[in-house]
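Colleague: I am new to this structure and would love a close look at its interior. Could you take me through what lies inside and how it is put together?

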Amino acid sequence: MRIPDPEEIRALHEKYAPTTEAFTLVHRHCEIVWGIAEQLLSAPHLAHLDVELVRAGCLLHDIGVYRLYEDDGRLDHRNYIRHGLLGHEILEAEGFPEALGRFCSHHTGVGLTRHDIVSQGLPLPPADYVAVTEEERLVMYADKFHTKSQPKAYLCPDEYAAYIRRFGEDKVTAFEALRSEFGEPDLSASGPGFGTEEDATAAVVRG
């Protein structure tokens, strides 16, 4: 499988970003998520994971957000939950394999199920959009620690667990399983991806 490098991925962001501001917002968030994932990957029990695939997944996971910008430059928050599928469509149109597109469509919250979509009336085709591989789960998990909403902030594990509780105890259980699997990042660390607190998702996306 061909995995794009950071330069190629940056070019894709530049291609689809409708404005410089949108590019800065989304691409920087993706870099920060990669910085978090890279730190977690240093754990010996994760040494078998495909680092290049995780990096590409982190840097591409939110590329669909660009499709939600309206002509006046505002973001369509109402349909934000569609950004994952829109990103998957972008990568498919660019000729990338399904395995990369899944990082876009399967990273929302701690996984969206068909039941979530039907019961909440979400604007998505009813299906299970749940991270399956370890690489997918790591990208999804790393994304939970950085928000793109105001105020810009990193979220510690306990803060995210408290946030997601509103969507049901099953979501908390799923998050805690990820926490046990991958450990907790040091959000005060400096390194690739860290250093600038960025934007975030609509509340439903964190569910």
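Modeller: Happily! In this predicted model, 54% of the protein's 207 residues count as buried. The accessible surface comes to about 9,200 Å², and carbon and sulfur atoms account for 51% of that area. The fold around this interior is built from nine helices and zero strands, so your eye can simply follow the pattern α-α-α-α-α-α-α-α-α along the sequence. Among contacts between residues at least 6 apart in sequence, 72% join residues at least 24 apart.

Now to the interior itself. The largest nonpolar core has 57 residues, and Val54, Tyr66 and Leu138 have the most contacts inside it. Elements giving two or more residues to this core include α1 (6–16), α3 (51–60), α7 (134–143) and α9 (169–182). Helix α2 supplies the largest share, 10 residues. Tyr66 is a good place to pause: leaving aside residues up to four places away in sequence, Tyr66 touches His13, Tyr16, Ala17, Pro18, Ala22, Phe23, Val26 and His27. There is also a second, separate core of eight residues, with Leu85, Leu112, Leu122 and Ala127 among them.

One more residue deserves a look, His83 in helix α4 (residues 83–93). Is His83 buried or exposed? His83 counts as buried because its relative accessible area is 0%, where the cut-off is under 20%. The side chain of His83 reaches the backbone oxygen of Tyr80 at 2.8 Å.

Conventions
Residues numbered from 1 in each chain as written. Predicted model: local features only at pLDDT ≥ 70, side-chain atom pairs only at ≥ 80, totals over all residues. Heavy atoms only, no water. Helix = DSSP H or I, 4+ residues; strand = E, 2+ residues; numbered from the N terminus. Buried < 20%, exposed > 50% of the residue type's maximum accessible area, 1.4 Å probe, protein only. Contact = heavy atoms within 4.5 Å. Areas by Shrake-Rupley, 256 points an atom, 1.4 Å probe, with all protein chains shown as cover. Polar contact = N/O pair within 3.5 Å; in protein donor to acceptor, adjacent residues only side chain to side chain. Core = buried A, V, L, I, M, F, W, Y, C linked by side-chain atoms within 4.5 Å.
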